[in-house]
Amino acid sequence: PRRMSKRPRNEADGHDEGELPAGLTLRALPRTDVPRAAQLEASSYPPDEAASPATLDFRCERAPAFFRALYDERRGGELVGFVVGTCSTAVHGRLEHASMSSHDESGKGPLTLMVHSVVVAEARRRRGLGRAMLREYLRQLA
């Protein structure tokens, strides 16, 4: 007998929650897509919390392995979301503005991954994509 998945299915698009639907891929964000990512960021957070285009560009340049974007291959590679993080070797685990404004993979102490944004395009929200994207992000970094 075939075992049934215990994961709930997302009725909006039929994928298992926690898994990316077919046709969506999470991969490195090229710097040429930073302006579009900045638009998604600005539409997802209040103005005083959204990262600026310059901040997103800095993170893409300095921490490209930690800036992963979700693309819909069925729609010509449309950018539909992203997860961006940086690493810190913050002293005694204290995260402060300075440690969160940089990226440090020097190996001089234990690394802390700081996820700054998990963003999904407004038209794609409430379907479990944020959760699925974050799971895939962590799987790729492991």
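Leaving aside its neighbours within four places in sequence, which residues is Leu-20 in contact with? In this predicted model, the residues are Leu-26, Leu-70, Ala-132, Met-133 and Glu-136.

## Leu-20 and helix 4

Leu-20 is placed in the segment before strand 1. Its relative accessible area is 22%, so Leu-20 counts as partly exposed. In sequence, Leu-20 and Gly-130 stand 110 residues apart, yet in space their C-alpha atoms are 9.4 Å apart. Among the contacts of Leu-20 are Ala-132, Met-133 and Glu-136, and these three residues are buried in helix 4.

Helix 4 covers residues 129–141 and has 13 residues. From its first C-alpha to its last, helix 4 reaches 18 Å, which is close to the 18 Å expected at 1.5 Å a residue. The buried residues of this helix include Leu-129 and Tyr-137, together with Ala-132, Met-133 and Glu-136. Seen down the axis of helix 4, the buried residues fall within an arc of 140°, so they line one face of the helix. An α-helix has 3.6 residues a turn, so residues three or four places apart point the same way.

What do the buried residues of helix 4 pack against? Their partners are strand 1 (24–28), strand 2 (67–72), strand 3 (78–88) and strand 4 (112–120).

## A nonpolar patch on the surface

Helix 4 also contributes to a nonpolar patch on the surface, since strand 4 and helix 4 each supply at least two of the patch residues. The patch is formed by Leu-113, Val-115, Val-118, Leu-138 and Leu-141, and together these residues have about 340 Å² of accessible area. Strand 4 gives the largest share of the patch, with three residues. One of the patch residues is Val-115, which is found in strand 4. Val-115 is partly exposed, with a relative accessibility of 39%.

## The loop before helix 4

Where does Arg-126 lie? Arg-126 belongs to the loop between strand 4 and helix 4. Although Arg-126 is not a glycine, it has a positive phi of about 65°. Arg-126 counts as exposed, at 86% relative accessibility.

## Accessibility of three residues

The table sets out the relative accessibility of residues described above.

| Residue | Relative accessibility | Class |
|---|---|---|
| Leu-20 | 22% | partly exposed |
| Val-115 | 39% | partly exposed |
| Arg-126 | 86% | exposed |

Methods: Residues are numbered from 1 along each chain as its sequence is written. This is a predicted model: local features need pLDDT of at least 70, side-chain atom pairs count only at pLDDT 80 or more; totals for chains, interfaces and linings use all residues. Side-chain values use heavy atoms; hydrogens and water are left out. Helices (H or I, at least four residues) and strands (E, at least two) are DSSP runs, numbered from the N terminus. The expected span of a helix is 1.5 Å times one less than its number of residues. Buried means under 20% relative accessible area, exposed over 50%, partly exposed in between (1.4 Å probe, protein chains only). The arc is that of the directions from the helix axis to the C-beta atoms. Contact means heavy atoms within 4.5 Å. Patches are made of residues with over 30% relative accessible area and no salt bridge: like charges are joined within 9 Å, nonpolar side chains (Val, Leu, Ile, Met, Phe, Trp, Tyr) within 5 Å. Accessible areas come from the Shrake-Rupley method with a 1.4 Å probe; for residues, only the protein chains shown count as cover. A salt bridge is a side-chain nitrogen of Lys or Arg within 4 Å of a carboxyl oxygen of Asp or Glu.
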